[in-house]
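Let's take a look at one strand and the company it keeps. Here is the structure to follow along with.

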Amino acid sequence: SSSIYYYTLPELYDQSPGLDGARIRVAGKVGPQPVKWDARSRTTSFSLVEDGHSLDVIYQGSVPDAFQVGGEVVVEGKYSISGPFEADQLVAKCPTRYVPKL
């Protein structure tokens with residue numbers, strides 16, 4: 001199979017002690033708080049939210065055009081219980097407005 005597993009935020013928090021320091025993928029929606037962008041370091045800071053859970057994320061790299069507040073994303077990187085999730089990959093799911101109607 002070519003599918004790749006990612007954690008939802010509720011799953012992540014249920015299993016967080018065993019995942020500290022691990023490289024994982026996490027999915028969620030970009031939270032409503034301001035997304036911070038540092039052009040010099042090409043670093044983006046934001047939060048993922050889902051079902052009352054949130055996860056602070058720091059991502060370094062180019063942000064996809066589909067990345068937006070409220071949009072669904074999957075991040076991959078190092079999880080730490082004591083700090084933000086350090087993502088080195090970010091995939092934004094395309095909004096449904098780009099899907100042709102049948």
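## How the strands pair

Two strands count as paired if DSSP finds at least two bridges between them. With that in hand, on to this model, which is a predicted one. Strand E4 covers residues 43-50, and eight bridges tie E4 to strand E5 (residues 53-60), with the two running antiparallel. One of the facing pairs is Thr-44 and Tyr-59 in E5.

E4 has other partners too. Strand E3 (residues 36-38) pairs with E4 over three bridges, in the antiparallel sense, and Trp-37 has Thr-44 as its bridge partner there. Strand E2 (residues 23-30) is also antiparallel to E4, joined by two bridges; Val-30 sits opposite Leu-48.

## The turns

Going from E3 to E4, the hairpin has four residues between the strands, and Arg-42 takes a positive phi near 55 degrees. The hairpin of E4 and E5 has two residues between the strands, and here Asp-51 is the one with a positive phi, near 50 degrees.

## A look at Thr-43

Is Thr-43 buried or exposed? Thr-43 has a relative accessible area of 17%, and the cut-off for buried is under 20%, so Thr-43 counts as buried.

What does Thr-43 touch, leaving out residues up to four places away in sequence? The list is Lys-36, Trp-37, Asp-38, Ile-58, Tyr-59 and Gln-60. Closer along the chain, the side chains of Thr-43 and Ser-41 make a polar contact at 2.8 Å.

Technical notes. Residues are numbered from 1 along each chain as its sequence is written. This is a predicted model: local features need pLDDT of at least 70, side-chain atom pairs count only at pLDDT 80 or more; totals for chains, interfaces and linings use all residues. Side-chain values use heavy atoms; hydrogens and water are left out. Buried means under 20% relative accessible area, exposed over 50%, partly exposed in between (1.4 Å probe, protein chains only). A polar contact is a pair of N or O atoms within 3.5 Å; within protein, one must be able to donate a hydrogen and the other to accept it, and residues adjacent in sequence count only if both atoms are side-chain atoms. Contact means heavy atoms within 4.5 Å.
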